[in-house]
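Student: Could we go through this model by way of its cysteines, its core and one of its pockets?

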Amino acid sequence: MAYETILYDIVDDVAVIKMNQPQTLNAMTMKMGEELLDAVSRAAKDARAMLVGSVGRGFCSGANLADGGIDLTDPNRDMGGNLDGIFNPIIYQMRAAEIPVVTAVKGPAAGVGCGIALAGDMIVAGENAIFFQAFSKVGLAPDGGSSYLLVKAIGRPRAMEMMLLGPKLKASQALEWGMINRVVADDEVDDRALDLAKELARGPRSLGIIKRVAWAALDVSFETALSNERVAQREAGRTDDFSEGVAAFRDKRPAQFKGR
């Protein structure tokens with residue numbers, strides 16, 4: 001697929017994906033959603049880590065309601081129709097990818113953009129980043145996985161406040177609540193997020209396995225989590241990177257992982 005609304009590049013084994021409609025603060029359109037889904041799916045095959053960010057001063061200002069295609073005279077209109085084929089798969093592919101995903105958040109991450117930001121395995125935000133559940137402001141309900149991601153990250157009461165009242169949560173508060181990993185200067189977001197993604201890309205194959213069991217643990221019993229760990233350990237122990245890790249430990253040298 002040729003991309004018109006996003007950028008895609010491979011930098012040191014990191015697939016760097018950037019939403020590229022800065023004039024609208026990267027408001028999400030159907031076209032951008034289709035391209036983002038293709039890029040996220042492609043990245044899992046092309047690289048050892050993924051970075052999802054943006055061009056300009058905004059991460060994603062939510063769905064572009066001025067994009068057309070909304071018939072307010074139709075009582076049977078389905079504003080969730082596009083979730084099944086495009087936007088839900090984006091979130092799912094970010095979670096299911098067997099490589100670590102870093103999101104780099106500058107400015108507003110609103111609506112579906114908030115969901116995409118929070119779907120990262122690690123989230124780096126600028127000092128002036130804002131996480132905004134804008135749905136209640138226009139009479140809609142949360143999407144982009146936000147209801148799940150918020151409740152799991154910050155608990156039901158805080159998540160309810162964000163979804164029902166729609167406050168604009170600053171990066172410093174998001175960090176204090178445990179919603180994101182790091183806050184950096186606005187002009188350093190892209191570089192610091194890429195540094196983190198590069199570090200992850202140099203890691204062993206087991207990083208993808210760690211990611212899998214960690215996400216799964218959100219939804220399973222303690223007994224199932226223990227079982228998942230047992231299966232994961234068997235899989236990790238059979239990788240080339242484990243052999244290299246043990247050899248490096250014995251030789252007292254840094255391990256050189258290949259992602260295999």
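Tutor: Contact here means heavy atoms within 4.5 Å. This is a predicted model, in which local features need pLDDT of at least 70 and side-chain atom pairs count only at pLDDT 80 or more, while totals for chains, interfaces and linings use all residues. Residues are numbered from 1 along each chain as its sequence is written, and side-chain values use heavy atoms, with hydrogens and water left out.

Student: Leaving aside neighbours within four places in sequence, which residues is Met-50 in contact with?

Tutor: Once those neighbours within four places are set aside, the partners of Met-50 include Val-40, Ala-43 and Ala-44. Further along the chain they include Ala-97, Ile-99, Pro-100, Val-101 and Val-102. The list is completed by Val-14, Ala-15 and Ile-17.

Student: How many disulfides are there?

Tutor: A disulfide is taken as a pair of cysteine sulfur atoms within 2.5 Å. For Cys-60, the nearest cysteine sulfur is that of Cys-114, 9.9 Å away, and Cys-60 is in no disulfide. Cys-114 is likewise in no disulfide, and by this rule the count is 0.

Student: Is Cys-60 buried or exposed?

Tutor: Buried means under 20% relative accessible area and exposed over 50%, with partly exposed in between (1.4 Å probe, protein chains only). Because its relative accessibility is 0%, Cys-60 counts as buried.

Student: Which element gives the most to the lining of the second largest pocket?

Tutor: A pocket is an open set of points on a 1 Å grid over the protein atoms alone, where a 1.4 Å probe fits, with protein on both sides within 12 Å along at least five of seven lines; lining residues have an atom within 4 Å of a point. Helices (H or I, at least four residues) and strands (E, at least two) are DSSP runs, numbered from the N terminus. Strand S6 (122-126), helix H4 (146-154) and helix H8 (206-217) each give two or more residues to this lining. With 5 residues, the element that gives the most is H8.
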